[in-house]
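Student: Please take me slowly through one part, namely the place where neighbouring strands lead over to a group of aromatic rings, and explain the terms as you go.

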Amino acid sequence: MTAPATPPPGTAPPGTAPGHRATRPPGDRALRVAVIGGGPGGLYAALLLKRLDPAREITVYERGAPQDTYGFGVVLSDETVGGVENADPDVFATLRAHMVRWDAIEVAHRGRTLSSAGHGFAALSRRTLLSVLHDRCRRLGVGLRFSTEAPPAAELARSCDLVVAADGVHSATRAAHADVFGPTVTPHRCRYIWLAADFALDAFRFEIAETEHGVVQLHAYPYSADASTAVVETREEVWRAAGFDELDERASAAACARLFPQTLGGRPLRGNNSQWTAFRTVVNERWWHRSAAGGHVVLLGDAAHTAHFSIGSGTKLAVEDALALAACLREQPDLPTALAAYEAERQPVVRSTQRAARASLTWFEELADHTGQPPYRFAFNLLTRSRRVTHDNLRLRDAAFVAAAEREAGVPEGTPPMFTPFRLRGLTLRNRVVVSPMDMYSSQDGVPGDFHLVHLGARALGGAGLVMTEMVCVSARGRITPGCAGLWNDAQEDAWRRVTAFVHARSPTAAIGVQLGHAGRKGSTKLMWEGIDEPLPEGNWPLVAPSPLPYRPGVSQIPQALTPVQLAAVRDQFVAAASRAARAGFDLLELHCAHGYLLSGFLSPLTNRRTDALGGTLTARLRYPLEVFDAVREVWPADRPMTVRISATDWAEGGTTGEDAVRIAAAFAEHGADAVDVSTGQVVAHERPDFGRSYQTPYAERIRNALGVPVIAVGAVSSWDDVNSLVLAGRADLCALARPHLYDPHWTLHAAAEQGYTGPGAPWPEPYRAGSRRPPTGRTDAPKPRLAL
């Protein structure tokens with residue numbers, strides 16, 4: 001039976017005085033809801049809201065006919081399916097009867113197919129899903145208005161307490177209320193098309209086609225006993241070069257079918273109103289608001305957010321939105337509180353999913369950079385691309401697959417990848433862990449003291465392969481703060497020699513490196529905990545930079561643009577500091593060309609506005625940093641490695657890009673850099689970083705793939721599982737961790753203990769050997785009950 005139709009806009013609900021619009025509690029039986037969009041998310045929200053309170057008047061507006069649908073199969077995770085089962089067992093039981101399940105992912109590439117098991121997927125036909133939801137809505141009394149364009153949300157809000165905007169990626173509701181929702185829609189670089197094959201695959205399958213025009217990839221999975229979804233994706237320029245932009249649906253399906261013989265075996269593909277399109281990531285600052293007309297409007301599904309299909313289904317997220325919305329409406333005392341709770345619950349989950357989706361999307365955009373990897377490394381890299389599936393997680397799912405990937409990479413049996421050695425020039429590191437440079441702001445007149453001995457010494461005893469100092473400044477005026485360490489006089493050199501001597505004498509694992517830098521326009525500021533990047537209240541020293549641009553306009557000191565005489569003097573300060581570092585016994589030297597400090601300031605077009613030979617093109621902006629690098633390399637011992645840290649993006653419009661970073665890294669490599677330490681940002685104060693787990697590692701991987709130069713990955717690498725994953729996937733050669741080493745100086749040794757590793761990559765210092773096993777925390781062997789009555 002169909003529920004009564006929603007009264008015309010502006011008509012008061014039954015029993016309500018004309019013009020009355022009060023916010024009603026969610027449990028109020030007079031609650032009236034309009035849903036814009038009859039996709040799975042909108043339908044599921046409608047039926048849940050009706051099931052939780054049958055007195056609610058709920059109408060769904062769908063501009064298409066009941067049988068209309070686009071796409072083919074829908075993938076749902078076990079968590080989503082479990083949520084459906086708890087919320088509506090009847091829907092779950094019906095859907096389960098139509099679902100196909102599988103647990104393998106296959107990667108077909110260059111004539112070879114590798115399989116990884118244990119992943120667990122469920123899928124069904126989108127048309128079947130919609131039919132089930134239609135039937136359930138009708139039985140519950142939800143009004144379904146097909147072939148009906150919904151009135152604008154603001155108009156519906158005159159007569160409805162709640163308007164659920166589930167009107168998709170091109171949401172008219174979102175656009176009409178952009179001032180409230182604050183949407184950002186970001187297009188990406190690949191084109192894709194949804195197609196289908198009339199046979200069932202037995203796994204989720206990726207196939208890579210390397211054509212004369214470029215790389216094209218297939219994402220395919222079964223969704224019924226006799227059909228599979230096939231999504232074909234490629235870079236925009238490849239799509240055009242291959243002529244796909246001139247093909248209709250039928251011709252596109254035929255052309256795509258020919259590209260993937262390992263998966264399709266000559267069988268055709270078909271479309272369903274299928275078109276090539278570019279994926280768009282949708283983000284909204286806010287998901288709901290109270291309309292001027294009185295009712296509330298809330299976004300759901302693709303109207304609120306999108307996540308690239310390579311990590312799952314948009315339907316999955318929409319269904320989860322519907323579950324959360326219905327639960328919050330039931331749990332909270334009124335509509336505003338419920339909608340605020342819905343947004344607070346779902347936004348962090350969706351943002352996390354979007355970060356993983358962005359990592360996956362970017363990986364496929366840069367797929368051509370990975371195709372030359374050995375088979376198992378390529379497959380492992382593909383499977384861990386989103387950073388949600390990791391080395392340890394994958395080993396739990398399919399230990400044999402991970403073992404094969406490790407054998408192919410030359411990892412000794414029983415050795416986690418992070419504990420394999422790595423050689424840089426004449427220095428062999430015992431493992432792949434680096435204690436990242438961390439400013440301590442604890443020196444007196446640039447002299448490191450007991451704090452530095454204990455701080456660096458403790459981390460050297462903690463098992464890392466390489467311990468880096470903080471940025472050591474080459475002059476007093478090159479410091480960030482009065483508490484920064486230096487290497488411009490004998491007292492500082494002697495103090496650093498004390499630290500290196502301790503590390504060499506007492507640490508069984510660690511080499512120690514020095515990072516040399518000059519603060520440039522970011523100098524003469526307070527200690528971090530007194531006010532980061534804030535100028536000193538007194539005792540300021542003059543600043544220099546490539547151009548007279550303050551770091552924080554209106555706050556920071558305006559630096560002087562370096563003159564030729566000053567440029568030569570600063571270069572010589574770097575050279576003198578490098579000579580002192582060599583005498584002090586450092587094993588490795590890193591030149592700091594990142595984070596907006598002096599040398600970084602020359603590299604970025606946002607901070608280098610010079611009109612002489614050191615400004616303008618990237619080649620010109622590189623001249624001075626390379627001049628300094630060459631001068632330092634000349635005095636640094638030939639057998640000791642030298643690295644350079646760069647900011648691979650400024651996270652700001654008009655700044656350094658990923659393409660620029662490859663050119664910058666290539667230039668330093670050509671001048672003798674043994675590795676590139678790839679960081680990002682901190683160049684301009686108005687940056688907008690895309691924070692997330694291991695968020696900077698794609699930049700390192702890109703440089704490694706493009707140039708073959710060793711790279712050090714940094715940026716929210718926080719677990720030993722992350723390190724193992726990055727190393728085995730070939731995304732990085734070394735991993736630098738900062739905060740984890742502040743939390744636990746013995747992080748690397750504890751990582752070895754937690755993995756049961758006792759080999760040469762992480763030997764414990766003899767005085768600590770008795771503590772190499774985790775102490776017991778309590779009795780766990782109490783007898784278990786034997787009888788249950």
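Tutor: Two strands count as paired if DSSP finds at least two bridges between them, and the strands themselves are DSSP runs (E, at least two residues), as helices are runs of H or I with at least four residues, both being numbered from the N terminus. Please keep in mind that this is a predicted model, in which local features need pLDDT of at least 70 and side-chain atom pairs count only at pLDDT 80 or more, while totals for chains, interfaces and linings use all residues. Residues are numbered from 1 along each chain as its sequence is written, and side-chain values use heavy atoms, with hydrogens and water left out.

Let us begin with strand β13, which spans residues 227-235 and has eight of its nine residues buried, where buried means under 20% relative accessible area, exposed means over 50% and partly exposed lies in between (1.4 Å probe, protein chains only). Strand β12, residues 215-224, runs antiparallel to β13 and is paired with it over eight bridges, and a hairpin of two residues leads from β12 to β13. Within this pairing, Y221 has T229 of β13 as its bridge partner. Strand β10, residues 183-197, is also antiparallel to β13, to which eight bridges join it; here I193 stands opposite V232 of β13.

Y221 now takes us from the strands to the rings, since this residue belongs to one aromatic cluster together with W102, F121, F204, F206, W363, F364 and F378. Rings of Phe, Tyr and Trp (its six-membered ring) are called a pair if their centres lie within 6.5 Å, and the pair is stacked when the planes are under 30 degrees apart, edge-to-face when they are over 60, and tilted for the rest. The structure as a whole holds 23 such pairs.

One of them is formed by F206 and F364, whose rings are stacked, with 5.9 Å from centre to centre and 25 degrees between the planes. Because F206 lies in strand β11 (residues 204-210) and F364 in helix α12 (residues 335-365), this pair ties together parts that are 158 residues apart in sequence. With 3% relative accessibility F206 counts as buried, and F364, whose relative accessible area is 2%, is buried as well.

Another pair is made by W363 and F378, which is tilted because the planes of the two rings stand at 50 degrees, with the centres 5.9 Å apart. W363 lies in helix α12 and F378 in helix α13 (residues 375-383), so this pair ties together parts that are 15 residues apart in sequence. W363 and F378 are both buried.

To place these strands in a wider setting, it helps to turn to the annotation. The UniProt record, an unreviewed entry, gives "domain: FAD-binding" for residues 32-354; its positions appear in the numbering used here, its feature names are shortened, and its annotations may be inferred rather than shown by experiment. The span of residues 32-354 is 37% helix and 29% strand, and its end C-alpha atoms lie 32 Å apart.

Finally, there is an open sheet of six strands with mixed pairing, in the order β8-β2-β1-β9-β16-β15. Its edge strands, each of which pairs on one side only, are β8 (143-145) and β15 (288-290). In this sheet, β9 (residues 162-165) and β16 (residues 296-299) are parallel and share four bridges, with L162 matched to H296 in β16 as its bridge partner.
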